[in-house]
Amino acid sequence: AMFVSRFARLCVLLGVAALCGAVEDAKFNALDPAAPNQIVLMYRGGEDQSDNALHEFLRAEFEVSESKVEGADKIVFKKCDANVGSNGKDMASKGLDGLPMVFVSIEGQGMDRYARELTGEKLADFILVKLQPTSDEDIFPYSDEYITDAYPVFVKFYEKWCSRCQAMKAAFENAASQMVGRVIFMEVECSSSDLSQQFCMRHKVDGYPTLKLMGGPFDKAVPFERDRSVQGIMEFLNEHVPEEEGEDSEEEGEGTEEQAKEEL
């Protein structure tokens, strides 16, 4: 009862009292990790870090609910308190002891553990970006001839049967559309041909998906070792391929991709 009161006061302080009722209380054993369009906070009520996480979680729920992004109305927010019932014991049995944790599941993109700074704004942005429509029109098919010193190339090594590869498809496409003119995005299905298999072996690919930045100014491929979100990809590429002052991505992007295609 004490925590319910604290939760109610938090809703009032945030000015989202009407929405707090929409955040479901979930029993850990009743959660379905395969269920799409759910955002789950696992926390321990009464601990400062967890209470702060709950505060930001509610803000994110409010921002997503108030957004005009298509599909946002289908997202369900759930909170699971380790101090309620057997939740804590059940979480520990699964190795989930580093609370708080947030898991994001969007239809067709699998479930991700949210590993970024937990603020309402950043969590909402992480979710809403996943809901944006994407296209593969800015993704190049495999060709070793794209790897030159003319353009940096961000390569995704994958296999069709790989569920994690499928889960990051939208993030890869979204980032590709934002990096037109600066980085070529290329997909390599390693088992699709002898040439692609040799290319994957040459780059020591031993798991999927593997992402590496190569070509352009890079003498050696730079491995991507961050969360496979749009934000993670963009941060990585902006660090390694900074935008030049006065660069017009859209105009130069058309030239870069058309030129690359014409060179083949």
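## Two open sheets and the helices on them

Helix H7 (residues 169-178) lies across strands S6, S7, S8 and S9 (210-215), and its direction makes about 150° with that of S8. The model you are looking at is predicted, and this sheet is a good place to begin.

**The sheet under H7**

The sheet is open and has 5 strands with mixed pairing, in the order S6-S8-S7-S9-S10. S6 (139-140) and S10 (218-223) stand at its edges; each has a single partner strand, so one side of each is left without a neighbour in the sheet. Strands of a sheet pair through backbone hydrogen bonds, in either a parallel or an antiparallel sense.

To see the mixed pairing for yourself, start with S7 (residues 152-158) and S8 (residues 184-189), which run parallel and are joined by 6 bridges. Here Phe157 has Val188 in S8 as its bridge partner. On to S9: S7 and S9 pair in the antiparallel sense, over 6 bridges, and Lys156 has Leu211 in S9 as its bridge partner.

S9 is mostly covered, with 6 of its 6 residues buried. S9 also pairs with S10 in the antiparallel sense, over 3 bridges, and Leu213 stands opposite Val222 in S10. These two strands, S9 and S10, form a hairpin with 2 residues between them. Look in that turn for Gly216, which has a positive phi of about 60°.

Another helix, H8 (residues 194-202), lies across S7, S8 and S9, and runs at about 110° to S8.

**Where H7 meets H9**

H7 also packs against helix H9 (residues 230-240), at an angle of about 40° and with the axes 9 Å apart. The two helices are therefore oblique to each other, and H7 passes H9 in a right-handed crossing. Which residues of H7 meet H9? They are Ala171, Phe172, Asn174, Ala175 and Gln178, and on the H9 side they meet Val230, Ile233 and Met234.

**The other sheet**

Earlier in the sequence, there is an open sheet of 5 strands in the order S1-S3-S2-S4-S5, again with mixed pairing. At the edges stand S1 (24-25) and S5 (111-113), each with a single partner strand, so one side of each is left without a neighbour in the sheet. Helix H3 (residues 48-66) packs on this sheet, touching S2, S3 (76-81) and S4, and its direction makes about 165° with that of S2. Helix H5 (residues 120-131) packs on the sheet as well, touching S2, S3, S4 and S5, with a direction about 15° from that of S4. Under these helices, S2 (residues 38-43) and S4 (residues 101-105) pair in the antiparallel sense over 5 bridges, and Leu41 stands opposite Val102 in S4.

This table gathers the helices that lie on the two sheets.

| Helix | Strands touched | Angle with a strand |
|---|---|---|
| H7 | S6, S7, S8, S9 | about 150° to S8 |
| H8 | S7, S8, S9 | about 110° to S8 |
| H3 | S2, S3, S4 | about 165° with S2 |
| H5 | S2, S3, S4, S5 | about 15° with S4 |

**A closer look at Asp51**

Asp51 has its place in helix H3. Is Asp51 buried or exposed? Its relative accessible area is 19%, and since buried means under 20%, Asp51 counts as buried. A polar atom of the Asp51 side chain lies 3.2 Å from the backbone nitrogen of Gly46. Asp51 and Pro100 are 49 residues apart in sequence, while their C-alpha atoms are 8.9 Å apart in space.

Note on methods: Residues numbered from 1 in each chain as written. Predicted model: local features only at pLDDT ≥ 70, side-chain atom pairs only at ≥ 80, totals over all residues. Heavy atoms only, no water. Pairing = 2+ DSSP bridges. Helix = DSSP H or I, 4+ residues; strand = E, 2+ residues; numbered from the N terminus. Contact = heavy atoms within 4.5 Å. Axes fitted to C-alpha atoms, helices over the stretch in contact; angles between N-to-C directions. Buried < 20%, exposed > 50% of the residue type's maximum accessible area, 1.4 Å probe, protein only. Polar contact = N/O pair within 3.5 Å; in protein donor to acceptor, adjacent residues only side chain to side chain. Parallel < 35°, antiparallel > 145°, perpendicular 65-115°, else oblique. Left-handed = near helix turned anticlockwise from the far one by under 90°.
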